[in-house]
Amino acid sequence: MALIEVQVPDIGDLDEVAVIELMVKVGDTVKAEQSLITVESDKASMEIPSSTAGVVKELRVALGDKVKQGTVVLVLEAAGADSVPNQAAAPANSAGAAPVSVAVPTPAAVPVTAAVAPAAAPAAQATGPIAVRVPDIGDFKDVAVIELLVKVGDTIKLEQSLMTVESDKASMEIPSGAAGVVKEIKVKLGDTVNIGDLVVILEGVAAVTTAATASAPAPISVLNTAVAPTISAGAAPVSVASAPVATVATVAPAMAAPAHAPGGTTLGLPHASPSVRKFARELGVPLNEVKGSGLKGRITEADVQGFTRSVMSGAVQTLAAAAQNKPASGGAGSGGDGAALGLIPWPKVDFAKFGAIERKEMSRIKKISGANLLRNAIMIPAVTNHDDADITDLEAFRVLTNKENEKAGIKVTMLAFLIKACVAALKKYPEFNSSLDGDAIIYKQYFHIGFAADTPNGLMVPVIKDADKKGIFQISAEMGELAKKARDGKLSPAEMSGASFTISSLGGIGGRYFTPIINAPEVAILGVCKSQMEPVWDGKAFVPRLMLPLSLTWDHRVIDGAAAARFNVYLAQILGDFRRVML
Ligand code: CAO
């Protein structure tokens, strides 16, 4: 096995950056492209990925270290010869004598090109509408707006941050190239933006070039490109553009404001890496309420998990829950905020008048899941389609498989096959693997399948991640482990997050059909009941077949009835003949 030194890649114009987060430790197995460390300058933070897969043998950097292009981050033992890109070039090292050096590819989104643009030429002042646009943000494409830092009516200074954008590898703040009062905001949370996209329209004093100070009848566009400024007399916005370096026609360059200033927040923005922000968003954790334990107060993934645990255990309330002066659960049992919906009050009955009673507080999990179920039931225009799948052959195969593997202690239930079959159906009908985000639909290219697990404390939904990449045995084994953890109350927040579709199986218990409630922000859920032998007409006679009842609930805002019927039909076809999964 070859040892490989993984180095900091070309990080653009940045000279030295500080290591603010170590994302792996010695002994970890890392995949190619997996993030190793987060580094931060005063302009941006970014994650440095690994170019190769392997096991971490030695960490060569520590928190707080300054690194630059070529600094060795860690030494990996390559997972296999194939994963050593320069093995051929360094055959002497393949024997494991000295590590082979590999500079990881430049992070996909290195926000340095524009971030380090020097200060602009002295700016003149202008008044009137000014259109502020996304500057040159290097290799970024379609970055998501994750925070808006100003609102209409705000008076902003030159270079004040307007919004935070994020790719999967880095986040950065987009500052204003002009000063003034915000008249209009042209982006919203979740939008994806590119260089040149309009961010805000300002009015008032603007730090623009002399050329731009001529009274402009139409909005001036502030854009950080090398185009000479022009002022149009027409209705179209006028472009006042600049090269990143100061020229006569330069406005203040973008990307000059510090992103996530260490030690605190920048304009209320908590200090955390992009992956931690993403993780917090997935869990619905308000990051600004999380105390960071990392270097200079940086919020780590463990801090987000700890916060979630505290909220779940009742030790901490989110500010939103506290403001409503009610439990974090939202008061599921009492009917919650019925009054806010214009509903008549929940009936108050003295049950003791009618006979003996016992009052027991609901478990915290029940309260939390109840509040979620209530919201999902009220807010989603949900419809349920019922169907049956003929699983006679699949059940015979399952029984045979279990018999053959009995000695190995492997037991496969129908649910593992259902997960695999659902992945195939989700691939064919991607809208079932999506989420609504305002007016947009987010299609997920991953297949993380949640499954409802009945526990003594209430319903929990652990998630099988990347079910498309796993076989039936692995899915079964993971399901067993996760279900046990759920029953023992030991599931981590990460093990319950990220599902793109959920299955609720009552097959081990009984029943015919039911109407499961969608686990928002997913858009569909499959309910499964107990299979039973039924007489099925085969065109000539009734034959006994094992039929599995399926109940698919779907969000009518995203999915149409015909698509839901097709999904069920296709799912039943796969379950009827599992070879179709391979097609
Ligand atoms: N039809 C007939 N039998 C079925 C079946 C089906 N659809 N699904 C499972 N079974 C059988 C299994 O084969 C197993 O049989 P044996 O004991 O003879 O081997 C038995 O039922 C018990 O299965 P299981 O429930 O332990 O295993 P599973 O993989 O099917 O489910 C889990 C695992 C964790 C999902 C399940 O235990 C559970 O908690 N289900 C409840 C989910 C729930 O509460 N949903 C409602 C949510 S809405 O409130």
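User: How many Å separate a polar side-chain atom of Thr-413 from an oxygen atom of the ligand, and how is such a distance to be read?

Analyst: The polar side-chain atom of Thr-413 lies 2.5 Å from that oxygen atom. A polar contact with a ligand is a pair of N or O atoms within 3.5 Å. The model is predicted, and local features need pLDDT of at least 70, side-chain atom pairs count only at pLDDT 80 or more, and totals for chains, interfaces and linings use all residues. Residues are numbered from 1 along each chain as its sequence is written, and side-chain values use heavy atoms, with hydrogens and water left out.

User: Which residues approach the ligand's nitrogen atoms through their backbone?

Analyst: A polar backbone atom of Gly-507 is 3.4 Å from a nitrogen atom of the ligand. For Cys-529, a backbone N or O atom lies 3.1 Å from a ligand nitrogen. The ligand on its own has 960 Å² of accessible area, and the protein covers 67% of that area (Shrake-Rupley method, 1.4 Å probe).

User: Which residues come nearest to the ligand, and what is the make-up of the shell?

Analyst: A residue belongs around the ligand if one of its heavy atoms lies within 4 Å. There are 20 such residues, and Lys-411, Thr-413, Asp-454, Ser-504 and Ser-531 come nearest. By class, ten residues of the shell are nonpolar, six polar and four charged; the charged class is Asp, Glu, Lys and Arg, the nonpolar class is Ala, Val, Leu, Ile, Met, Phe, Trp, Tyr, Cys and Pro, and the others, including Gly, are polar. Strand S26 (453-455), helix H8 (472-487) and strand S29 (501-505) each contribute at least two residues to the shell.

User: How many helices and strands does the protein have?

Analyst: The protein has nine helices and 32 strands. These are DSSP runs, of at least four residues (H or I) for a helix and at least two (E) for a strand, numbered from the N terminus.

User: How much of the protein is buried, and which residues touch the most other members of its largest nonpolar core?

Analyst: In soluble globular proteins, nonpolar side chains tend to be buried together. Here, 46% of the 583 residues count as buried (under 20% relative accessible area; exposed is over 50%, and partly exposed in between). A nonpolar core joins buried Ala, Val, Leu, Ile, Met, Phe, Trp, Tyr and Cys residues through side-chain atoms within 4.5 Å. The largest such core holds 54 residues, of which Leu-418, Phe-432, Phe-501, Ile-503, Leu-526 and Leu-575 touch the most other members. Helix H7 (414-428) gives this core its largest share, twelve residues. Ile-503 touches, among others, Leu-415, Leu-418, Phe-451 and Val-528, when residues up to four places away in sequence are not counted (contact means heavy atoms within 4.5 Å). Another core lies apart from this one and has 44 residues, among them Leu-14 and Ile-174.

User: Where does His-271 lie, and is this residue buried or exposed?

Analyst: His-271 is in the loop between strand S21 (238-241) and helix H2 (274-283). His-271 counts as buried because its relative accessibility is 2%.

User: What is the form of the peptide bond from Ala-520 to Pro-521, and what is the phi of Asp-142?

Analyst: The bond from Ala-520 to Pro-521 is cis, with omega near 10°, and Pro-521 is in the loop between S29 and S30. Asp-142 is not a glycine, yet its phi is positive, at about 50°. Asp-142 belongs to the loop between strand S11 (130-133) and strand S12 (143-148). With 48% relative accessibility, Asp-142 counts as partly exposed.

Technical notes
Polar contact = N/O pair within 3.5 Å; in protein donor to acceptor, adjacent residues only side chain to side chain. Buried < 20%, exposed > 50% of the residue type's maximum accessible area, 1.4 Å probe, protein only.
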